[in-house]
Amino acid sequence: MAKKKLKVRSVFISDVHLGFKGCQAEALLHFLHSVETEYLFLVGDIVDFWSLKRTAYWPQLHTNVIRAILGKAKHHTKVIYVPGNHDDFMRDYIGYSFGNVQILNDYIHTTATGKKLLVMHGDEFDVIVKHSKIFAKLGSVAYDKLLGLNYYVNAIRRMFGHSYWSLAAYLKHRVKNAVDYIGSFESALANLAEDRGVDGVVCGHIHHAEMREIENILYCNDGDWVESCTALLEHKDGKLELVHWVNEFEQSTVSQLEELIDLHRAA
């Protein structure tokens, strides 16, 4: 039996990295098909052009994700695309609309409760990305290798019946420099939101899903679809929620397998 769709007011996703082998496109496609929303915010790094320049990789699933997004844009969902550093060439098209998808440098979203949220990718506050693209791209290659290890680690975990686990996220949370960097990034975005006179900020970029108050400013990072498969939702009443979709996706996959087994046994 098909599961009832989750109906929300707004969805914020970022750091999908279509065109990169580590992209969890199947989980994202499951999420997009499971949610109905009035607003869909694409908060940067949707397509990973850095990775595509190194390796031509574009499976059908990645095309299906694009089709799902354009399908929502066609059927009464307002889709706003705020480019990031991995898809920064799209910043040349700020102010244009393609297939009902509006491309903007940033956006102030008003929630159902009247809170104003600044939506931006956040790479402007990454010193490495801002001042040295060469170092940023070298870091991206190293990160890709680490995510490649993720694939093999989780293949072994699945063999033993364990759920998805991110090696990259585990290491990030335990390396002091990475922890300090995340804290500095969060504070910088919160300070910007205060300067802009809004109640909060929604960003991506650092692949670290988080929602917390920083000196009376609501900081929300919607995470990514490479490591954690996370999204930020605004419900109809204006309540904000971070969802970790990997569990929903894995449960759905298990349910489908069980249904197939039952059908086979009944045949």
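This passage looks at one pair of packed helices and at one enclosed space in a predicted model.

Two packed helices are described by the angle between their axes and the distance between the axes. A good place to start is with helix H1, which spans residues 25-34, and helix H3, which spans residues 60-74. Their axes lie 9 Å apart and meet at an angle of about 20°. Angles under 35 degrees count as roughly parallel, and H1 and H3 are therefore roughly parallel to each other. The crossing in which H1 passes H3 is left-handed. On the H1 side, the contact is made by Ala25, Glu26, Leu28, Leu29, Leu32 and His33. H3 contributes Leu61, His62, Asn64, Val65, Ala68, Ile69 and Lys72. Sorted by character, the residues of this contact between H1 and H3 comprise eight nonpolar, three polar and two charged.

Attention now turns to empty space within the model. Rolling a probe the size of a water molecule over the atoms shows where empty space is left. The count comes to one cavity of 30 Å³ or more, and the largest cavity holds about 30 Å³ of space. Readers wishing to find the largest cavity in the structure can look for its lining residues, Ala190, Asn191, Glu194, Ile214, Glu215 and Ile217. Helix H7, covering residues 176-195, gives the most to this lining, with three residues. In the lining of the largest cavity, three residues are nonpolar, one is polar and two are charged.

Note on methods. Residues numbered from 1 in each chain as written. Predicted model: local features only at pLDDT ≥ 70, side-chain atom pairs only at ≥ 80, totals over all residues. Heavy atoms only, no water. Axes fitted to C-alpha atoms, helices over the stretch in contact; angles between N-to-C directions. Helix = DSSP H or I, 4+ residues; strand = E, 2+ residues; numbered from the N terminus. Parallel < 35°, antiparallel > 145°, perpendicular 65-115°, else oblique. Left-handed = near helix turned anticlockwise from the far one by under 90°. Contact = heavy atoms within 4.5 Å. Nonpolar A, V, L, I, M, F, W, Y, C, P; charged D, E, K, R; others polar. 1 Å grid on protein atoms, 1.4 Å probe; cavity = no way out; pocket = protein on both sides within 12 Å on 5 of 7 lines; lining within 4 Å. Points joined across faces, edges and corners; volume = space filled by probe spheres on them.
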